[in-house]
Amino acid sequence: MSTKPAILVARALFPSVLEGLQTQFEVSSNQGDEPYAPAELIARLQGKSGALITGSERIDAALLDACPQLKAVCNVAVGYNNIDVPACTARGVLATNTPDVLTETTADFGFALMMAAARRMAEAEHALRRGEWKRWSYDMFAGAEVNGSTLAILGMGRIGRAIARRGALGFGMQVIYHNRSQLPAEQEAEVGARYVDKATLLREADHLVIVLPYSAASHHTIAAAELAQMKPTATLTNIARGGVVDDVALAEALRNRTIAAAGLDVFEGEPQLHAGLLTVPNVVLTPHIASATMKTRLAMAELAAANLTAALTGGTPPTPINP
Ligand code: DGY
């Protein structure tokens with residue numbers, strides 16, 4: 001019988017990462033496309049000391065109580081709203097995430113999505129594919145200016161700051177932001193960022209980019225009342241989590257042209273989408289892929305594996321959530 005600790009890798013991952021884990025652990029892994037349903041996840045975790053998980057796996061008190069041997073849950077994601085961290089802490093279970101390694105890649109995507117929404121790229125492309133491009137006209141798919149405009153960032157963590165750098169240094173944008181706390185002066189100075197209250201952020205935004213972590217406190221931070229405060233020419237981009245924005249209110253605001261356009265990579269109840277979002281033309285929709293380059297996904301998987309290995313072999317996990 002093996003004396004190695006047993007772990008579960010809950011979603012298919014890079015073979016090199018699995019091979020690395022197999023040198024230390026008895027590894028069970030999900031090689032299918034589908035995440036395990038909650039009851040199956042609990043069944044698969046029986047007797048396991050650790051789990052490598054993604055945002056698709058929910059780790060809550062009931063699961064932890066049903067899997068008392070679990071010592072560590074390691075997310076292959078920076079966001080960890082899928083993990084009940086206080087429940088883990090109360091049971092002595094270490095939780096980890098993957099910050100830093102995805103910051104620049106995610107910021108690239110957020111900026112691209114904002115530009116695509118502002119410049120109506122998806123709308124124009126769809127029309128072209130439908131054979132609707134017959135002639136030039138001065139206002140054909142004329143969108144919102146990005147360069148020199150006001151970039152409004154809600155949630156100024158690592159990714160928010162990386163987006164601010166792109167806007168300020170690459171596109172000459174004025175950066176305003178709202179956050180739980182104001183940044184140190186030197187971080188503000190790097191991009192000329194101005195800290196404002198939420199109402200000012202909404203009122204002055206030409207392009208609002210949302211990078212807030214999801215929690216009960218940030219649920220529907222942007223809903224109908226907030227959208228109504230924005231300029232009719234403004235865009236909204238959400239690369240944070242579904243639920244930070246009220247998608248029903250957003251679909252309505254896009255339909256009524258309360259705001260001009262949106263770029264969305266995350267959705268309430270994803271992978272299902274609110275039907276209203278699928279029928280408005282002025283939104284660019286992508287399936288939660290902001291960190292999806294092979295280089296970054298490999299770095300995320302390797303960091304999660306390093307966390308799990310350290311947690312179960314007496315080392316120091318590099319990026320704990322509940323140290
Ligand atoms: C993250 O890392 O949180 C991304 O959203 C992928 O889940």
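The C-alpha centres of domain 1 and domain 2 lie 31 Å apart, a good place to start a tour of this predicted model. The domain assignment gives domain 1 as 6-100 + 294-312 and domain 2 as 103-285. Below you will find how the two domains meet, what UniProt says about the chain, and how each sheet is laid out.

**Where the domains meet**

- The contact between the two involves five residues of domain 1 and seven residues of domain 2.
- On the domain 1 side, the touching residues comprise one nonpolar, three polar and one charged.

**What the UniProt record lists**

- An unreviewed UniProt entry places "domain: D-isomer specific 2-hydroxyacid dehydrogenase catalytic" at residues 8-322.
- That span, residues 8-322, is 37% helix and 14% strand, and its end C-alpha atoms are 20 Å apart.
- UniProt also lists "domain: D-isomer specific 2-hydroxyacid dehydrogenase NAD-binding" (unreviewed entry) at residues 111-290.
- For residues 111-290, the end C-alpha atoms lie 10 Å apart, with 36% of the chain in helix and 15% in strand.

**Around the ligand**

- Gly55, Ala77, Val78, Gly79, Leu102 and Ser291 are the residues around the ligand.
- By character, this shell divides into three nonpolar and three polar residues, with no charged ones.

**The five-stranded sheet and its helices**

- Five strands make up an open sheet with parallel pairing, and their order is S2-S1-S3-S4-S5.
- Strand S2 (26-29) and strand S5 (94-96) each have a single partner strand, so one side of each is left without a neighbour in the sheet.
- From one strand to the next, the twist averages 15°.
- Inside this sheet, strand S3 (residues 50-53) runs parallel to strand S4 (residues 72-75), and four bridges join them.
- If you want a landmark for that pairing, look at Ile53, which stands opposite Asn75 in S4.
- Helix H1 (residues 15-22) packs on the sheet and touches strand S1 (6-9) as well as S2, with its direction at about 145° to that of S2.
- Helix H13 (residues 294-312) lies across S1, S3, S4 and S5, and runs at about 170° to S4.
- Residues 294-312, the span of H13, are also the second segment in the bounds of domain 1.

**The seven-stranded sheet**

- Another open sheet has seven strands in the order S8-S7-S6-S9-S10-S11-S12, again with parallel pairing.
- Its edges are strand S8 (194-195) and strand S12 (283-285), each of which pairs on one side only.
- S12 pairs with S11 in the parallel sense, over three bridges.
- Within that pair, Gly263 stands opposite Val284 in S12.

**Backbone details to look at**

- Which kind of peptide bond links Glu270 to Pro271, cis or trans? The bond is cis, with omega near 10°.
- Pro271 sits in the loop between strand S11 (261-264) and helix H12 (275-279).
- Asp100 has a phi near 70°, a positive value in a residue other than glycine.
- To find Asp100, follow the loop between S5 and helix H5 (103-118).

Definitions and conventions. Residues numbered from 1 in each chain as written. Predicted model: local features only at pLDDT ≥ 70, side-chain atom pairs only at ≥ 80, totals over all residues. Domains from an automatic or database assignment. Nonpolar A, V, L, I, M, F, W, Y, C, P; charged D, E, K, R; others polar. UniProt positions renumbered as here; feature names shortened; annotations may be inferred. Helix = DSSP H or I, 4+ residues; strand = E, 2+ residues; numbered from the N terminus. Near = placed C-beta within 6 Å. Pairing = 2+ DSSP bridges. Axes fitted to C-alpha atoms, helices over the stretch in contact; angles between N-to-C directions.
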